[in-house]
Amino acid sequence: MPLVDALDAVEADIVVDLSDEPVLPPAERFRLAGRALVLGLPYVGADFRFEPPRLEPFDLPSLSVIGTGKRVGKTAVTGHVARLLALDRNVVVVAMGRGGPREPELVETQPTVEELLALSRSGRHAASDHLETAALAGVTTIGCRRAGGGLAGAVFDSNVAAGAELARSLDPDAVVFDGSGAAIPPVSTSARILVSTPAHDLDAYLNPYRVAISDLVVGVGDVPGADIRVDLHLRAMQPLRGRRTAVFTAGPARVEHLDAEVIHVSRNLANREALRAELQRIEADVYLVELKAAAIDVVAEEAAARGAELVLAANDVAGEGLDEAIRSLLPQRVTA
């Protein structure tokens, strides 16, 4: 066998790792695994096997937004990308999630709180990413379901391919595919954006693989290795007008800029037990909530029971050079 310095120095069908400590520590082996996956090669060892994620071909101008994990701001970036591209072209977003619909679901209008409550009461998850994007970004959205997620981002099962075909039938100028957590949409897109936060190390595990397959790395906050730093700013979708307001989010968010008397801030949208306990102690005129996790089935229901107004909150994305970088990924504009 030839001795080479790089995995792409010879033609191969598979990479077999016969190393161990102390020659190659786990971090180095993950790096090699990531490099093999970028080259489309399986990486196998004594008790593991990594396969390159299989991506369905897609020939329309398209962009996927992926993350290094949950709660990194990926959906906010997806919404920003969609709104930006929709300024001069017809855009469709295909979003996948574990709580997504059994069959791809087309949402062509912004759902209201009342419509989301009706969905929740029918047994649906009314805070799925596609509903969040449709409600906050105001673009045509297709919701899909995925099950499972591998260390390299492959999904165990999904209906995203069917969602992609539904998007194609709408004759869009561009399609944006929204990932789910660290799972990657199983579609081969024209370009890819990776979103991360300081809580996730871009050099850890198989994150170098995600970096290598991405055209732009966006850091929400100070993320070493990111191409562009951005910040998220919570924005109420309707005026708060200085009223007594309780704020509900799935993670840290600044609230001092809101035009409201903020009487309570909760980060427990993903913790229903803690959320319900908090709600018992709150007396507010307005419930401002991110459209995530228990936003509808718990917070919106409580607001409705108390006669309080529920206002959805968007996360605006701001960062120097971000819009120019996004446009460079899909530069063709529609002039008609």
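Biologist: Contact here means heavy atoms within 4.5 Å. Which residues is Thr 197 in contact with, leaving aside its neighbours within four places in sequence?

Modeller: The model is predicted: local features need pLDDT of at least 70, side-chain atom pairs count only at pLDDT 80 or more, and totals for chains, interfaces and linings use all residues. Residues are numbered from 1 along each chain as its sequence is written, and side-chain values use heavy atoms, with hydrogens and water left out. Thr 197 is found in the loop between strand E10 (191-196) and helix H6 (207-212), where helices (H or I, at least four residues) and strands (E, at least two) are DSSP runs numbered from the N terminus. Without those sequence neighbours, the residues in contact with Thr 197 are Arg 71, Val 72, Val 220 and Val 223.

Biologist: Does Thr 197 count as buried or exposed, and at what relative accessibility?

Modeller: Buried means under 20% relative accessible area, exposed over 50%, and partly exposed in between (1.4 Å probe, protein chains only). Thr 197 therefore counts as buried, its relative accessibility being 11%.

Biologist: Where do the buried residues of helix H3 lie, seen down its axis?

Modeller: Helix H3 covers residues 113-121, and its Val 113, Leu 116, Leu 117 and Ser 120 are buried. Seen down the axis of H3, these residues fall within an arc of 100°, so they line one face of the helix. The arc is that of the directions from the helix axis to the C-beta atoms.

Biologist: Which elements do the buried residues of H3 pack against?

Modeller: After H3 comes Gly 123, with a positive phi near 100°. The packing partners of the buried H3 residues are helix H4 (129-137), helix H8 (295-306) and strand E16 (309-318).

Biologist: How far apart in space are Phe 248 and Pro 52, C-alpha to C-alpha?

Modeller: Phe 248 belongs to strand E13 (residues 244-248), and it counts as buried because its relative accessibility is 0%. Its contacts beyond four places in sequence include Ser 266, Leu 269, Tyr 287 and Val 299. Pro 52 is 196 residues away in sequence, and the C-alpha to C-alpha separation is 38 Å.

Biologist: What radius of gyration does the protein have?

Modeller: The protein has nine helices and 16 strands. The radius is taken over C-alpha atoms, and the globule rule is 2.2 Å times the number of residues to the power 0.38. For 336 residues, a compact globule would have a value near 20 Å, which agrees with that of the protein, 21 Å.
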